[in-house]
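Work through the exercises below with the sequence and the structure in view. Try each task before reading its solution.

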Amino acid sequence: MNKTIQLILLFLFFILLQVLVLNNILLFGYINPYLYISFIFIFPLSQKRIPFLTVSFFLGLCIDMFSNSGGIHAFATLFIAYIRLFLVRAIFKKTESDYLLFNLRLETFDKVFNYVAILTVLHHFILFSFINFSFNNFSSVIINTLLSTLFTLILYFLGSFIFRKKLS
């Protein structure tokens, strides 16, 4: 199947999964997984930067439209999409010439975990900071960020383990 069609289907899958299933999960009053950001983790580095940022913005905007959240998902998603290349260079020690062959499945678990965890924590912190929008609720922001990050990471790595293709 064409790579562009796969990305479009993956985009739609993550939106539908988030909107129809994961937005209805609220464990212990704090934990809400935001698995749609996985699209940003696995989006190919070989694609141009401006179209990627545009797609990331629209991903967050779609979640905002269904969640009635006024653009906070779009901002948080666009932010992690923007800093993604910096983290790839810092964590994986990749250069632009390596982007064509870069694949998260071929990297070591510790590097992938650091990459995914940092982007997830940043996304969730920005998201919950804008939701609360007050320093009076800073402890709530931290608790929501940590617990939702933990649940999102568990779901991401569980999903990546289940859907991993066999390497030949």
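The exercises that follow concern a predicted model.

**Exercise 1. Compare the expected span of helix H3 with the distance between its end C-alpha atoms.**

Step 1. Helix H3 covers residues 49-67, which is 19 residues.
Step 2. The expected span is 1.5 Å times one less than the number of residues, and for H3 this comes to 27 Å.
Step 3. The end C-alpha atoms of H3 are 27 Å apart, so the two values agree.
Step 4. Just after H3 comes asparagine 68, which has a positive phi, near 55°.

**Exercise 2. Find the buried residues of H3 and the helices they pack against.**

Step 1. Buried means under 20% relative accessible area. In H3 the residues that meet this are Phe52, Leu53, Ser56, Leu59, Gly60, Cys62, Ile63 and Asp64.
Step 2. An α-helix has 3.6 residues a turn, so residues three or four places apart point the same way.
Step 3. The partners of these buried residues are helix H1 (3-21), helix H2 (38-42) and helix H4 (72-92).

**Exercise 3. Describe the largest nonpolar core.**

Step 1. This core holds 43 residues. Phe41, Phe92, Leu104, Tyr115 and Val116 have the most contacts inside it.
Step 2. Two or more residues each are given by H1, H2, H3, H4, helix H5 (109-132) and helix H6 (138-162).
Step 3. H4 supplies the largest share, nine residues.
Step 4. Take valine 116 as a case: leaving out residues up to four places away in sequence, valine 116 touches Phe41, Leu153, Tyr156 and Phe157.

**Exercise 4. Locate the salt bridge and state what it joins.**

Step 1. The count of salt bridges is one.
Step 2. Its partners are glutamate 107 and lysine 94, with the closest N and O atoms 3.3 Å apart.
Step 3. Both partners lie in the loop between H4 and H5, so the pair ties together parts 13 residues apart in sequence.

**Exercise 5. Decide whether glutamine 18 and threonine 152 are buried or exposed, and trace their polar contacts.**

Step 1. Glutamine 18 is in helix H1, and its relative accessibility of 0% makes it buried.
Step 2. A polar atom of the glutamine 18 side chain lies 3.1 Å from the backbone oxygen of proline 33.
Step 3. Threonine 152 is in helix H6 and is buried too, at 2% relative accessibility.
Step 4. The side chain of threonine 152 reaches the backbone nitrogen of tyrosine 34 at 3.2 Å, and one of its polar atoms lies 2.7 Å from the backbone oxygen of serine 148.
Step 5. Beyond four places in sequence, Pro33, Tyr34 and Leu35 are among the residues touched by glutamine 18, and they are also among those touched by threonine 152.

Methods: Residues numbered from 1 in each chain as written. Predicted model: local features only at pLDDT ≥ 70, side-chain atom pairs only at ≥ 80, totals over all residues. Heavy atoms only, no water. Helix = DSSP H or I, 4+ residues; strand = E, 2+ residues; numbered from the N terminus. Buried < 20%, exposed > 50% of the residue type's maximum accessible area, 1.4 Å probe, protein only. Contact = heavy atoms within 4.5 Å. Core = buried A, V, L, I, M, F, W, Y, C linked by side-chain atoms within 4.5 Å. Salt bridge = Lys/Arg side-chain N within 4 Å of Asp/Glu carboxyl O. Polar contact = N/O pair within 3.5 Å; in protein donor to acceptor, adjacent residues only side chain to side chain.
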